[in-house]
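Q: Could you take a close look at one part of this structure for me? I'd like to see how a single residue sits within the whole chain.

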Amino acid sequence: MSIMTSRVAETLGEVATDGALRAARGLSGLVGEEIRIDVPQIRVGTNIDACDAVGGPDVIVFGAYIGITGDITGHVMLLFPQERAMECIDLMCGQPVGTSTEPDDFAASAIGELANIVGSAFVNALADRAGLILHPSPPTVLNDMAIALVESVYAAILAQGGEVVMIDTVFSDEKGTTSGLLIVAPDAEAFARIAELAA
Amino acid sequence: MTTVPATARRISVGIGQIAVSNNAAEVLVAYGLGSCVGVSAYDPVAHVGGLAHILLPESNGSAAATREPAWHAAAGVTNLLRDLTALGANPRRLVVKLAGGAAVLGEANAAKFRIGERNVEVITELLKQRNIRPCATALGGVKGRTIELHLASGKTLVRTAASPATEL
């Protein structure tokens with residue numbers, strides 16, 4: 001029996017939409033031009049689903065991880081396959097999508113900063129919606145095998161059932177569009193609090 | 001770099017799974033070990049090898065922990081040795097190598113859960129109780145690893161996102 005009902009998914013979708021608006025404001029301010037962030041799809045699945053969603057187990061991804069502590073605990077991770085990450089850097093640098101091709105240290109840190117903005121915005125939106133005090137951890141910049149990252153989050157949440165929420169996150173400006181995957185893994189108590197909100 | 005025969009069949013060993021083989025045309029692979037630990041064991045006389053992809057240091061009491069052969073360390077080590085023995089391996093001859101147990105979400109975050117670190121501690125202790133000492137390891141750190149056991153040669157290779165496969 002899944003602890004993730006469609007109502008809970010719907011509530012998380014609303015939180016994600018609010019988070020995306022906040023993140024877009026922050027990001028647009030940072031890069032000095034209008035960037036939109038949309039969250040067209042939210043779904044629930046296992047660690048394997050999450051890996052497949054970013055391109056398969058042997059894929060190397062860029063992104064950042066933020067741990068949540070406070071009234072509830074959980075995990076937030078924004079991942080981009082390399083090609084999408086490069087497109088995202090183009091958006092952030094105000095250059096046509098397809099300009100950046102080299103996944104260097106600059107790329108890793110830029111994507112880490114982006115993922116931090118989006119992940120923190122989601123955590124703050126969740127805190128406001130649920131009336132909780134949540135503390136996002138300092139972000140860990142990620143550039144690693146997708147499955148190693150997803151599996152490690154999975155191991156940490158397993159005692160609580162092991163489902164993760166996957167939120168497609170689409171970034172766009174007038175020059176182009178790209179997308180990443182926001183993975184949210186709340187613990188059981190967090191799911192219960194969100195379920196109360198959804199009821 | 002070891003050359004893999006073009007005909008080699010790669011068997012993916014998923015989270016919580018075990019694979020054993022005596023088929024020289026097979027390569028057992030555990031992709032992207034983060035906090036998980038891959039236990040590779042090979043009997044060079046019987047030419048039998050196995051790979052366990054262990055997720056957790058202790059059973060969390062879930063259905064999966066009961067159902068899956070290597071969900072937690074005790075089951076993983078016990079079942080790997082049982083399956084290898086069933087295929088003709090002698091536990092006393094096993095060449096055991098470990099990889100994984102990293103803190104891929106960052107050291108500070110890993111300190112909260114210590115899953116990778118505890119996986120390594122528990123697995124090492126379980127092997128010690130069976131008089132098995134790993135002869136090579138690639139453990140800890142902050143990067144994910146892929147481990148593969150080549151049945152043709154008994155060689156174990158490890159690679160990360162940033163570095164090519166090297167023999168362990």
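A: Let's start with who touches whom: of the contacts in chain A between residues at least 6 apart in sequence, 73% link residues at least 24 apart. Keep in mind that this is a predicted model. Chain A has six helices and seven strands, and from the N terminus they come in the order α-β-α-β-β-α-α-β-β-α-β-β-α. As for overall shape, a compact globule of 199 residues would have a radius of gyration near 16 Å, and chain A agrees, with 16 Å. Its C-alpha atoms fill a box of roughly 45 × 35 × 25 Å along the principal axes.

Now let's zoom in on A:Ser28. You'll find A:Ser28 in helix 1, which covers residues 6-31 of chain A. Is A:Ser28 buried or exposed? Its relative accessibility is 13%, and buried means under 20%, so A:Ser28 counts as buried. It has company there, since buried residues make up 57% of the 199 in chain A.

What does the side chain of A:Ser28 reach? It gets to the backbone oxygen of A:Ala24, at 2.7 Å. Then there are the contacts beyond its neighbours within four places in sequence: A:Ser28 touches A:Glu33, A:Glu34 and A:Ile35.

Stepping back out to the surface, chain A has an accessible area of about 7,800 Å², and carbon and sulfur atoms account for 52% of that. Chain A also carries 9 positive and 27 negative charges, and the mean positions of these two sets lie 10 Å apart.

Methods. Residues numbered from 1 in each chain as written. Chains lettered and ligands numbered in written order. Predicted model: local features only at pLDDT ≥ 70, side-chain atom pairs only at ≥ 80, totals over all residues. Heavy atoms only, no water. Helix = DSSP H or I, 4+ residues; strand = E, 2+ residues; numbered from the N terminus. Rg over C-alpha atoms; globule rule 2.2 N^0.38 Å. Buried < 20%, exposed > 50% of the residue type's maximum accessible area, 1.4 Å probe, protein only. Contact = heavy atoms within 4.5 Å. Areas by Shrake-Rupley, 256 points an atom, 1.4 Å probe, with all protein chains shown as cover. Lys, Arg positive; Asp, Glu negative; His and termini not counted. Charge placed at Lys NZ, Arg CZ, Asp CG, Glu CD. Polar contact = N/O pair within 3.5 Å; in protein donor to acceptor, adjacent residues only side chain to side chain.
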